[in-house]
Amino acid sequence: MDFVVTPWEVKGKVDYDKLLQQFGARPLTSDQISLLNKYAGEVHPLIRRGFFYAHRDFDEILKWHAQGRPWALYTGRGPSGPVHIGHMVPWILLKWFSDKFGLEVYFQMTDDEKFYDDPELSLRDTTRWAYENALDVIALGFEPDRLHLIVDTLDIKPLYPIAVKVAKKLTWNTVKATFGFTDSSNIGLIFYPSLQIAVAFLPTELRGETTPVLIPCAIDQDPYFRLARDIADGLGYPKPATLYSKFIMALTGESKMSASNPESAIYTVDEPKAVKRKIMNAFTGGRPTAEEQRKLGGNPDICPVFHYHMLLDPDDASVEKIRQDCRSGALLCGECKLRLYEKIERFLKEHKERREKAKDRVDEYRLSVKLDIKK
Ligand code: TRP
């Protein structure tokens, strides 16, 4: 195998079709996309453009919806550092689903997972990052009745009884084979999958009726939800449905961004100067000289700058024009980068204002805080 994808690492050039076969998830078909169109009245560009490209039971949960039955959304974040634009992309789709279908969102902040996983981070650090990262989620425009934040170490109470039942169904053998744990993995990491799986069953417990979740996330999280689906029946819970994205390209051109190189990603708190510098220094699919590029054209398929235009520009015609003008050599990388900078800066300016307003409001969104109020 010339690439490796696990929930903790992505190495090599990812073959996304092979990965599906490996995991046993399904490609998203045009019939399924039409079904979404039927119920949502439109299809989000991130799905239309194939960035979200695979799933488990996505069509089933839409049919469930069509019968007027309850469902919810679930996703999460490992809070180990600042949020970058790449993290925001799937959350933009999350917000879209929540708005289109009137769905509640369960959002897990795994401060425990990141503490177990990273020898450099203290638990205090990861819990702080959970609060910090929550600002970016809230800034997408969620109201507290729609978004339920679960910071694992703080909001464990409603989750723990479910995690306990999940843990009893998972053997060491299974988790070892699924996640590649070894004899020297700490036992926190080994137990942790029970918690990520437990949230998929939480809405059913809280509502006291069968409430499946749709989980939009990157394809590397599939191992958790494959296990969740295997054990759901035996616990009397509905199987979660999933919708999987590819990875966001790093500005350096690699398949996935790495937290170790801050120049490879644009953070939501970056100042305009830094945003500009990172974009202007990015790897591109262009030619070594302007002259060659005018003659031969560039390659948008391998270009992170084009990738971000594709992810962030809602206007299909505008994205198509950039693609064609790149290929023909009419558009040079400098100009293309400047346009991207303007798009991102416009987004970030508003985002930062909303993020600022979310400060001191995180607790209003925390699930266990809300449950205590209700009691
Ligand atoms: N394990 C994920 C990460 O490291 C965080 C997470 C928790 C998550 N629950 C999730 C991601 C559900 C996607 C969907 O980022």
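**Group meeting: a sheet, its helices and its salt bridges**

Seven strands in this structure form an open sheet, and if you follow them across in order you pass β3, β4, β9, β8, β5, β6 and β7, with mixed pairing. At the edges stand β3, which covers residues 26-27, and β7, which covers 147-151, and because each has a single partner strand, one side of each is left without a neighbour in the sheet. Before I go further, please keep in mind that what we are looking at is a predicted model.

Let me stay at the β7 edge for a moment. The partner there is strand β6, residues 105-109, and β6 and β7 run in the parallel sense, paired over five bridges. If you would like one position to look for on the screen, glutamine 108 stands opposite isoleucine 150 in β7.

Now to the helices that lie across this sheet. Helix α7, made of residues 123-138, lies across β5 (72-77), β6 and β7, and its direction is at about 165° to that of β7. Helix α10, residues 187-207, lies across β5, β6, β7 and also β8, which is residues 213-218, and α10 runs at about 160° to β6.

There is one annotated stretch I should mention. UniProt, in an unreviewed entry, places a short sequence motif called the 'HIGH' region at residues 79-87. In the model, the chain over residues 79-87 is 33% helix and 0% strand, with its end C-alpha atoms 11 Å apart.

Let me turn to the charged side chains. A search of the whole structure finds 26 salt bridges, and I will take you through a few of them. In one, the side chains of aspartate 57 and arginine 229 meet with N to O at 3.1 Å. This pair links distant parts of the chain, since aspartate 57 is in the loop between β4 and α4 while arginine 229 is in helix α11, 172 residues apart. Is each partner buried or exposed, or something in between? Aspartate 57 is partly exposed, with a relative accessible area of 27%, whereas arginine 229, at 13%, is buried.

Another salt bridge takes us back to helix α7, where aspartate 136 is joined to arginine 355, with the closest N and O atoms 2.9 Å apart. Aspartate 136 lies in α7 and arginine 355 in helix α16, residues 333-358, so this pair ties together parts that are 219 residues apart in sequence. Here aspartate 136 is buried, with a relative accessible area of 0%, and arginine 355 also counts as buried, at 6% relative accessibility.

Lysine 278 and aspartate 270 form a further salt bridge, in which the closest N and O atoms are 2.7 Å apart, and both of these residues are buried. Salt bridges can also join into a network, as you can see with Arg48, Arg49 and Asp316.

Finally, a word about the cysteines. How many disulfides are there? The count comes to zero. Cysteine 333, for example, is in no disulfide, because its nearest cysteine sulfur, that of cysteine 303, is 6.1 Å away, and a disulfide needs the two sulfur atoms within 2.5 Å. Cysteine 333 is partly exposed, with a relative accessible area of 21%, while cysteine 217 is buried, with a relative accessible area of 7%.

Conventions: Residues are numbered from 1 along each chain as its sequence is written. This is a predicted model: local features need pLDDT of at least 70, side-chain atom pairs count only at pLDDT 80 or more; totals for chains, interfaces and linings use all residues. Side-chain values use heavy atoms; hydrogens and water are left out. Two strands pair if DSSP finds at least two bridges between them. Helices (H or I, at least four residues) and strands (E, at least two) are DSSP runs, numbered from the N terminus. Contact means heavy atoms within 4.5 Å. Axes are lines fitted to C-alpha atoms, for helices over the stretch in contact, and angles run from 0 to 180 degrees between N-to-C directions. UniProt positions are given in the numbering used here, feature names are shortened, and annotations may be inferred rather than shown by experiment. A salt bridge is a side-chain nitrogen of Lys or Arg within 4 Å of a carboxyl oxygen of Asp or Glu. Buried means under 20% relative accessible area, exposed over 50%, partly exposed in between (1.4 Å probe, protein chains only).
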